[in-house]
Amino acid sequence: MRLYKITLPEILIIAIFMAISVYPVLAGETDAAEINKAVAVLHPTQANNVKGTVYFSRTKNGVNVEADITGLSAGKHGFHIHEFGACTAPDGTSAGGHFNPENQPHAGPDQAKRHVGDLGNIEADNSGNAHYERMDTQLKFDGRDSIIGRGVIVHAGEDDLVSQPSGNAGARVACGVIGVAKN
Ligand code: CU
Ligand code: ZN
């Protein structure tokens, strides 16, 4: 039986092809599986009328958060990602506390040491509408700090960005779950 002999140039070509095919996986560039956009649709908790949509989009500078909320009282309202994507309780308490995988204190969104879920406040106009847009460097779509599947809560009152453990923002007026969106 005569065996085919592989020459050195052939080995090199095979090695190069293998390296090229494996590189995207090693570099985390598994495009089909990568999440680049997420969305939460907010529904009113019992006896409230607050609704809205929150988009999270991966950019090279971080995750851009863009929200449009209606049915609010005029002024500031605490706006956070909570630990659980569970809006089952009529008052939204099933969403748990602020999403805090790094075990940090509650703070404002621009503080380095904060809950990952600390997005500060949204501010409604006299018609009860609020628009929020902010680039964030702590939100992630993968790993321990991934926000996928967590909850988004809007509060009746203002987050003072200082009080522990949640900024004294009062009752929960809307709740939503962060899901994977089509990019
Ligand atoms: Cu909250
Ligand atoms: Zn917090």
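1. Strands are DSSP runs of E of at least two residues, and helices are runs of H or I of at least four, both numbered from the N terminus. The model under review is predicted. In these terms, the loop that joins β1 (37-44) to β2 (51-59) holds N49.

2. Overall composition. The protein chain contains one helix and eight strands. Read from the N terminus, the order of its elements is α-β-β-β-β-β-β-β-β. The chain has 183 residues, of which 32% count as buried. Among contacts with a separation of 6 or more, 61% are between residues 24 or more positions apart.

3. The N49 loop. N49 has 12 C-beta neighbours inside 10 Å and therefore counts as exposed, the cut-off for that class being 12 or fewer. Once neighbours within four places in sequence are left aside, N49 is in contact with P44 and G71. N49 and L72 are 23 residues apart in sequence, yet their C-alpha atoms are 7.5 Å apart in space.

4. Strand β4. This strand covers residues 75-82. It is largely enclosed by the rest of the structure, because six of its eight residues are buried. On the β5 side, five bridges join β4 to residues 118-124 in the antiparallel sense, and G78 stands opposite N121. With β7, the pairing of β4 is also antiparallel and extends over four bridges; one bridge pair consists of H82 and, in β7, G151.

5. H80 within β4. H80 belongs to strand β4. Is H80 buried or exposed? H80 is buried, because 29 C-beta neighbours lie inside 10 Å, where 20 or more suffice. Apart from residues up to four places away in sequence, H80 touches H98, G117, D118, L119 and I153. H80 and V152 are 72 residues apart in sequence, with a C-alpha to C-alpha distance of 5.8 Å.

6. Strand β7. Residues 151-155 form β7, and five of its five residues are buried, which leaves the strand mostly covered. In a regular strand, side chains alternate between the two faces of the sheet. In β7, G151, I153 and H155 point one way, while V152 and V154 point the other way; all are buried. Besides its pairing with β4, β7 is joined by five bridges to β8 (residues 172-180), and these two strands run antiparallel. Within that pairing, V154 stands opposite A174.

7. The nonpolar core. Which residues of the largest nonpolar core touch the most other members? They are L42, F56, I69 and V154, in a core of 30 residues. At least two residues of this core come from each of β1, β2, β3 (62-70), β4, β5, β7 and β8. For V154, the contacts beyond four places in sequence are L42, V50, I69, H77, F79, I122, V173 and A174. Two of the residues on that contact list, L42 and I69, are also named with V154 among those that touch the most other core members.

8. Backbone geometry to inspect. Most residues other than glycine have a negative phi, and most peptide bonds are trans. Three places in the model merit a look against that background. The peptide bond from Q164 to P165 is cis, with omega near 0°, and P165 lies in the loop between β7 and β8. The loop between β7 and β8 also holds N168, which is not a glycine but has a positive phi of about 55°. A positive phi of about 55° is likewise found at N103, again not a glycine; N103 is placed in the loop between β4 and β5.

9. Surroundings of the two positive-phi residues. How many other C-beta atoms lie within 10 Å of N103? There are 6, so N103 is exposed. N168 has 16 within 10 Å and is therefore partly exposed, a class that falls between the exposed limit of 12 or fewer and the buried limit of 20 or more.

10. Summary. The β7 strand is mostly covered and pairs with β4 over four bridges and with β8 over five. β4 is largely enclosed and is also joined to β5. The core draws on β4, β5, β7 and β8 as well as on β1, β2 and β3. The loops contribute exposed N49 and exposed N103, together with the cis bond from Q164 to P165.

Notes:
Residues are numbered from 1 along each chain as its sequence is written. Chains are lettered from A and ligands numbered from 1 in the order in which they are written. This is a predicted model: local features need pLDDT of at least 70, side-chain atom pairs count only at pLDDT 80 or more; totals for chains, interfaces and linings use all residues. Two strands pair if DSSP finds at least two bridges between them. Two residues are in contact if their C-beta atoms, placed from the backbone, lie within 7 Å. A nonpolar core is a set of buried Ala, Val, Leu, Ile, Met, Phe, Trp, Tyr and Cys residues joined through C-beta atoms within 7 Å.
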